[in-house]
Amino acid sequence: MIRAILHVDMDAFFASVEQHDRPELAGKPVVVGHAGARGVVAAASYAVRRFGVHSAMPMSTALRLCPAMICVAPRMTRYREVSRQVFAVFHEITPLVQGLSLDEAFLDVSGSVKLLGEPPAIARRIKDEIRSRTGLTASVGVAANKLVAKIASDLEKPDGLTVVPAERIRAVLDPLSVRRLPGLGRKLGERVEAAGVHTLGELRTAPDALLWRLFGRDAPRLRERACGVDERPVQTDLEEKSLSAEDTFARDLDDPRALDAHLCRLADTACQRLRHRGLMTARIGVKIRCHDFTTFTRQRAIAPPTQTERAIRDVARDLLRRWLVEHRGAKLRLLGVVLGGLAPARQMGLFEAVERAGGDARLDSTLEQVRARFGHAALRRGNMLK
Ligand SMILES: [Mg+2]
C-alpha cells in the first residue's frame, strides 16, 4: 500500500500570531525576537522577508536590511497555546503525528482515507480547521513519504496545498535547488553547489565518484533523497520528541562555577517539565553554544530511565565538566539541557520503586509541592545559589 504522508507547517508562525492578535501589524514588516545587539530573529513576517530578512539572522543585520521593521518581543506562552490548538486538529485526524516544532508536524493519514476521504481532501480539511480555530494559515505538502511531503509544503507558501503523487516526484524534484533538501545545511549546500551540482536532478544523476567525494559513506542515501526516496516512518511525538530547557546569557560566560550553577538550574527546569508531563528520560544531553555560535551537544544514555532531579543534574554536570576540560577557557553564550528517550513514567513502576528507595523521588516531589505553593524561587538546592 502506498503511504499518505502530510507535512503541515504554519506560515511565519510567531509573526503571524502577533499579526493576528494585533491587527494593526497586519501586512507590516514584523520580526519576532529580542531587540538589541545580541538578539536573533525568531520569526519574520512575509512583508519583511522581501528585504532578505529571515529567521536565525542577527537582529542587527535584519535592521540594516529593513530599517522600518517592527520588532516584537516573543510571547512563548501564547505561541504554545496556539500550537496546542493546531496539534489538537492533527490528533483529531490521526494518532500518527510527529511534531517537529511548535508549528510543524508530519501526519501519516494512510489509515484515515476510508473515513475522511483522499489525502488532498484531508489536507484541505486540516487547513480549514486551523484557520477557523486560530485565524492563521498553514501550508501542507501531501506525498507518499516524509521527505517529499516536507519539500512540497514549502513550494507554495504561504497558505499552500501541494500534492506530489508518486509518478510526479521526479518532475517536481528535478528542477529544484539542492538547497531544498532538508538537513543538507548551509555549508554542505555551498560545497555541493561549488562542485557544480545545483539541482536535485543533477544530484540524482551525478557520478558516484563525485557524490562519494562530497558525502562520503552518506553518498547512496543522498542520491536516494534526491530521487525522493524515503522509507522513514512517522514517529509519534513520544517516540522522538525531546524536552529541553536552555538559556542565552546576557554576556558570554567562561567561569566554570557560574556555568555549573546555570546548568543545575536548567536541569532542574527540564526535570520539572518532564515530571509535569508524567515522563521519564533515558538520554540526558547538554547543548553548548560558544560566543562564535559554534554549537556542541554531548549526551549520555542512562538506564534505568529516570525523572529525578539529582540523577539528571549529575549526568548533565558531568557532561559539561568533561566538555570544559576539552575546551578550556571557552566563552559560552548559551547552555541547555536536553532530555530524550522519553517514555511514560507509569510504565516504569519497577524503576520508580528503585528510585524511591534512594529517597530522591520523595525529595523531588516535596520540592515541587513547595514550589507549587510558593513559586519557583522559594526553594533551590544549595549548589544553585551563587
Ligand atoms: Mg513554520
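Here's a quick briefing on the pockets, the metal site and one small sheet of this structure. Keep in mind that the model is predicted. The largest pocket holds about 2000 Å³ of space, and the second largest has a volume of about 780 Å³. There's also a magnesium ion, held by Asp9, Met10 and Asp103.

**The largest pocket**

- A total of 44 residues line the largest pocket, and if you want to find its centre, look for Met76, Arg80, Leu102, Ser244 and Glu246, which lie nearest to it.
- The lining of the largest pocket breaks down into 18 nonpolar, 15 charged and 11 polar residues.
- Several helices each give at least two residues to this lining: H4 (76-93), H13 (237-240) and H14 (256-276).
- Strands S5 (97-101), S9 (243-253), S10 (279-290) and S12 (332-340) likewise supply at least two residues each.
- In domain terms, domain 1 (1-109 + 124-145) and domain 3 (242-384) each put at least three residues into the lining of the largest pocket.

**The second largest pocket**

- Here 26 residues form the lining, with Asp9, Arg49, Ser55, Asp154 and Lys157 closest to the centre of the second largest pocket.
- By class, you get 12 nonpolar, 10 charged and 4 polar residues around the second largest pocket.
- Strands S1 (5-10) and S3 (43-44) each contribute at least two lining residues, and so do helices H1 (13-21), H2 (46-49) and H7 (146-153).
- This pocket lies between domain 1 (1-109 + 124-145) and domain 2 (174-226), because both of them give residues to its lining.

**The magnesium site**

- Asp9 and Asp103 each coordinate the magnesium ion through OD, while Met10 uses its O, with distances of 2.2 to 2.5 Å.
- Along the chain, the donors of the magnesium ion follow the spacing D-M-x92-D.
- Asp9 and Met10 are both buried.
- Asp9 turns up twice in this briefing: besides being a donor to the magnesium ion, Asp9 is among the residues closest to the centre of the second largest pocket.

**A three-stranded sheet**

- Three strands make up an open sheet in the order S3-S2-S4, and their pairing is mixed.
- S3 and S4 (70-72) sit at the edges with a single partner strand each, so one side of each has no neighbour in the sheet.
- Strand S2 (residues 30-32) runs parallel to S4, and 3 bridges join the two.
- To see how S2 and S4 line up, start with Val32, whose bridge partner in S4 is Val72.
- Strand S3 links this sheet to the pocket story, as S3 (43-44) supplies at least two residues of the lining of the second largest pocket.

Notes. Residues are numbered from 1 along each chain as its sequence is written. This is a predicted model: local features need pLDDT of at least 70, side-chain atom pairs count only at pLDDT 80 or more; totals for chains, interfaces and linings use all residues. Side-chain values use heavy atoms; hydrogens and water are left out. On a 1 Å grid over the protein atoms alone, a cavity is a set of points where a 1.4 Å probe fits but cannot get out, and a pocket is an open set with protein on both sides within 12 Å along at least five of seven lines; lining residues have an atom within 4 Å of a point. Grid points are joined across faces, edges and corners, and a volume is the space filled by probe spheres set on the points. Helices (H or I, at least four residues) and strands (E, at least two) are DSSP runs, numbered from the N terminus. Ala, Val, Leu, Ile, Met, Phe, Trp, Tyr, Cys and Pro count as nonpolar, Asp, Glu, Lys and Arg as charged, and the others, Gly among them, as polar. Domain bounds come from an automatic or database domain assignment. Donors are N, O and S atoms within 2.8 Å of the metal (3.2 Å for Na, K and Ca); water is not among the atoms, so sites may look incomplete. Buried means under 20% relative accessible area, exposed over 50%, partly exposed in between (1.4 Å probe, protein chains only). Two strands pair if DSSP finds at least two bridges between them.
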